[in-house]
Amino acid sequence: MKNISILASLLVALAFISCKNDKKTEKNELQEPVKKEETVTKKDVQTDKPDNTNVKEFLWDNIPESTLDISAYPYITPPKGMIVDKDGSESFEFDKLEFFDGNTFFVLDGRVERMQIKMEGDKEWQQYLFDKSVSEYLKSIGANLIFEGQIPSELTQKWGDSPNAIYKHMHEFYGADVVNHPVSFYVLKTADKKIAFQVSSNSKTISVVENKAFVQTIQKVTAEDILKEITDKGIATLHINFDTGKSRIKANSYEVISEISKMMKSNPELKISIEGHTDNVGDASSNLKLSKNRAQAVLMAIVEEGINETRLKSEGFGQTKPLDDNTTEEGKAQNRRVELRKI
């Protein structure tokens, strides 16, 4: 009986230990997935962060030089059956476009063409034909595809702190909607040129930039320059800025007024006629009145600089004496002028 009692006690003890181990195992099984899930989540968060240590700057030195015939600017035309839509296209002698190579953004300055493409005869848009034709052609002249696809949204979101700011950046640097649609970027290097292309079949656009160095064309007008022009030609032509449709001189033109006054002070015997001219925008009689008022405004500004009014007179001729073609913006800008004539 005593042996049976001892055996029974051992069995109970073993059962208790077994039960305890089962609970421990069960507890571990419940904890293990939680621990695993926390590890995965942490790993995912680390992966989502941009690894700036691996970012490589775009270098033109890494682009092979093309020796193929690339034709003339803008180096590409629409595929057959497609044409450039003049209404949606723009040309710039000097502007900028931005590009993405999968790692970094870079900007290229120079001559820019933003072409909006459409089908001839307003036929249905042939997206695959456009994509295939453009990509094959660019490859045939030695252009290199540096990125194709949609720019990651986490990168475009850095362009601004609001949707309007983001789209403002996009419209300034891109010819297509690269926020919502895929885009292809190509670069082309020759012995003397660096050229880049933005291509989007979704936006139906091709944008081209031919890199060139910026050349400052604005020159300071000095008293010596004005006097030399009056002495050599009898007349000096100045482009003084006024508020649109008004005779109020803009602040950035008072430096020119000061140079006129300096010239007059250095040449006390000189007398001049100040003559205003306009382009042909608006009514002819209104332009005549505007030109007279602007000439008088310049006269009064010179008097305020200490020049005796008896040495000055003013006149306006409106749009009657254009220097250039009024059908272009450049021509109109040349015609809006003030002339100083020796009297």
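Which strands does α7 lie across, and at about what angle does α7 run to β10? In this predicted model, helix α7 lies across β9, β10 and β11, and its direction makes about 160° with that of β10.

## Overall composition

The protein chain holds eight helices and eleven strands. Of its 343 residues, 36% are buried. When contacts between residues at least 6 apart in sequence are considered, 70% of them join residues that are at least 24 apart.

## The four-stranded sheet and its helices

The strands that α7 crosses, β9, β10 and β11, belong to an open sheet of four strands, which is ordered β8-β11-β9-β10 and has mixed pairing. Its edges are formed by β8 and β10, each of which pairs on one side only. On average, and with direction ignored, neighbouring strands of this sheet are turned by 20° against each other.

The pairing can be followed strand by strand. Between β9 and β11 there are six bridges in the antiparallel sense; Ser-273 stands opposite Arg-341 of β11, and Ile-272 has Lys-342 of β11 as its bridge partner. Between β8 and β11 the pairing is likewise antiparallel, here over four bridges, and Leu-238 stands opposite Val-338 of β11. Helix α5 also packs on the sheet, where it touches β8, β9 and β11, and the direction of α5 makes about 135° with that of β8.

## Helix α6 and its surroundings

Helix α6 comprises 13 residues, 254–266, and at 1.5 Å a residue it should span 18 Å; the C-alpha atoms at its ends are 18 Å apart, so the expected and the computed span agree.

The buried residues of α6 are Val-256, Ile-257, Glu-259, Ile-260, Ser-261, Met-263 and Met-264. Among the elements against which these buried residues pack are the helices α5 (223–233) and α7 (284–303). They also pack against the strands β8 (235–238), β9 (272–277), β10 (312–316) and β11 (337–342), which are the four strands of the open sheet described above.

## Aromatic pairs and charges over rings

The structure contains 13 aromatic pairs. One of them is formed by Phe-105 and Trp-159, whose ring centres are 5.9 Å apart and whose planes meet at 65°; because an angle over 60 degrees counts as edge-to-face, the pair is assigned to that class. Phe-105 belongs to strand β3 (residues 105–119), whereas Trp-159 lies in the loop between α3 (153–156) and α4 (163–173), so the pair ties together parts of the chain that are 54 residues apart in sequence. The two partners differ in exposure: Phe-105 is partly exposed, with a relative accessible area of 28%, while Trp-159 is buried, with a relative accessible area of 13%.

Phe-105 and Trp-159 are also members of one aromatic cluster, which further includes Phe-58, Trp-60, Phe-99, Phe-100, Phe-106, Phe-147, Tyr-174 and Phe-185. Elsewhere, two lysines are placed over aromatic rings. The charged end of Lys-96 sits over the ring of Phe-173, at 5.2 Å from the ring centre, and Lys-321 lies over the face of Phe-317, at 4.1 Å from the centre of that ring.

## Backbone features in loops

The peptide bond that joins Tyr-73 and Pro-74 is cis, with omega of about 10°, and Pro-74 is located in the loop between α1 (2–48) and β1 (82–84). The loop between α1 and β1 also holds Tyr-75, which, although not a glycine, has a positive phi of about 75°. Is Tyr-75 buried or exposed? Its relative accessibility is 4%, and since buried means under 20%, Tyr-75 counts as buried.

A positive phi is also found at Lys-204, again a residue other than glycine, where the value is near 60°. Lys-204 is placed in the loop between β6 (194–200) and β7 (205–211). With a relative accessibility of 31%, Lys-204 counts as partly exposed, in contrast to the buried Tyr-75.

Definitions and conventions. Residues numbered from 1 in each chain as written. Predicted model: local features only at pLDDT ≥ 70, side-chain atom pairs only at ≥ 80, totals over all residues. Heavy atoms only, no water. Helix = DSSP H or I, 4+ residues; strand = E, 2+ residues; numbered from the N terminus. Expected span 1.5 Å × (residues − 1). Buried < 20%, exposed > 50% of the residue type's maximum accessible area, 1.4 Å probe, protein only. Contact = heavy atoms within 4.5 Å. Phe/Tyr/Trp six-rings, centres within 6.5 Å; stacked < 30°, edge-to-face > 60°. Lys NZ or Arg CZ within 6 Å of the ring centre and 35° of its normal. Pairing = 2+ DSSP bridges. Axes fitted to C-alpha atoms, helices over the stretch in contact; angles between N-to-C directions.
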